[in-house]
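Work through the exercises below with the model open. Try each task before reading its solution.

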Amino acid sequence: MGNATLPVARWRYPERMKKIVLDIETTGLYAESGDRIVEIACLELIDGRRTANTYYVRINPECPVSAGAATVHGMTWGSLQHEPVFAAIARSLYAFIAGSELIMHNAPFRLSFLKAEFSRLGMPPPAKICVLTDTLVLARTLHPDEVNNLDSLCSRYGLVEVESIAPDIVHNLERLAEVYLAMVDRHIPNR
């Protein structure tokens, strides 16, 4: 299904619609069990190109970081103690993503954390202010029966790995933006 074409209505939004690619790091895997966000990175795409408009913040989760999560992203509660709490950045993040097509890989996981954080503050979830696109669902639609993690998608679309001194989350976000653009450019006609 490498040459599959997606129905335009499902994946194409107004040309000038701001698209925000978003990723997070967390204290653990389960927002419903009290795990929290420790890092958020976003970048903006307009007309299929990355703009200079970005959003990046580390967050004091106000709770311990699990050993497994710390192994993945290298942050501990101690290293995050002097960062702002989510309540301090919530309005600026909300303003950054509002009215956008919010693009995430494995969106249900990320949305569960965003929803929990905004809910604690009495704010509506992102689904109320954004159009949501899950690149994992898009990849599974285009490439059923194949591995669709970020590394596999980068390889499949011929995206060359470059060295980066950016934090891992920012580097992965940049790769995800490139994968998203490659999938859309190759599989949506008349783009």
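**Exercise 1. Lay out the fold.**
Task: count the helices and strands of the protein chain, then give their order.

Solution. Step 1: the protein chain has eight helices and five strands. These are DSSP runs, H or I of at least four residues for helices and E of at least two for strands, numbered from the N terminus. Step 2: along the sequence the pattern reads α-β-β-β-α-α-α-β-α-β-α-α-α. Step 3: note the basis. This is a predicted model, where local features need pLDDT of at least 70, side-chain atom pairs count only at pLDDT 80 or more, and totals for chains, interfaces and linings use all residues. Residues are numbered from 1 along each chain as its sequence is written, and side-chain values use heavy atoms, with hydrogens and water left out.

**Exercise 2. Assess burial and contact range.**
Task: state what share of the 191 residues is buried, and what share of the contacts joins residues at least 24 apart.

Solution. Step 1: of the 191 residues, 47% are buried. Buried means under 20% relative accessible area, exposed over 50%, and partly exposed in between (1.4 Å probe, protein chains only). Step 2: take contacts (heavy atoms within 4.5 Å). Among those between residues at least 6 apart in sequence, 70% join residues at least 24 apart.

**Exercise 3. Find the largest nonpolar core.**
Task: identify which elements supply the largest nonpolar core, and which of them gives the most.

Solution. Step 1: apply the definition, a set of buried Ala, Val, Leu, Ile, Met, Phe, Trp, Tyr and Cys residues joined through side-chain atoms within 4.5 Å. Step 2: the largest such core holds 27 residues, and Leu22, Ile40, Cys42, Phe86, Leu93 and Ile97 have the most contacts inside it. Step 3: at least two residues each come from β1 (19-26), β2 (37-46), β3 (49-58), α4 (86-97), β4 (101-104) and α5 (107-120). Step 4: α4 gives the most to this core, seven residues. Step 5: another core lies apart from it, with 23 residues, including Val21 and Leu153.

Follow-up: what does Cys42 contact beyond four places in sequence? Its partners are Ile20, Val21, Leu22, Thr54, Tyr55, Leu93, Phe96, Ile97 and Leu173.

**Exercise 4. Characterise the largest pocket.**
Task: describe the volume and lining of the largest pocket.

Solution. Step 1: the volume is about 510 Å³. Step 2: the lining has 25 residues, and Asp23, Ile24, Glu25, Val72 and Arg110 lie nearest the centre. Step 3: β1, α2 (67-73), α5 and α8 (168-187) each give two or more residues to this lining. Step 4: by class, the lining divides into twelve nonpolar, seven polar and six charged residues.

**Exercise 5. Place a charged helix residue.**
Task: decide whether Glu117 is buried or exposed, and list its contacts.

Solution. Step 1: Glu117 lies in helix α5. Step 2: Glu117 counts as buried because its relative accessibility is 1%. Step 3: beyond four places in sequence, Glu117 contacts Arg36, Ile37 and Phe86.

**Exercise 6. Check three loop residues.**
Task: locate Asp47, Glu62 and Leu29 in their loops.

Solution. Step 1: Asp47 lies between β2 and β3. Its phi is near 55 degrees, a positive value in a residue other than glycine. Step 2: Glu62 lies between β3 and α2. Glu62 also has a positive phi, about 60 degrees, without being a glycine. Step 3: Leu29 lies between β1 and β2. At 56% relative accessible area, Leu29 is exposed. Leu29 still touches Asp35, Phe109 and Phe113, leaving out residues up to four places away in sequence.

Key. 1 Å grid on protein atoms, 1.4 Å probe; cavity = no way out; pocket = protein on both sides within 12 Å on 5 of 7 lines; lining within 4 Å. Points joined across faces, edges and corners; volume = space filled by probe spheres on them. Nonpolar A, V, L, I, M, F, W, Y, C, P; charged D, E, K, R; others polar.
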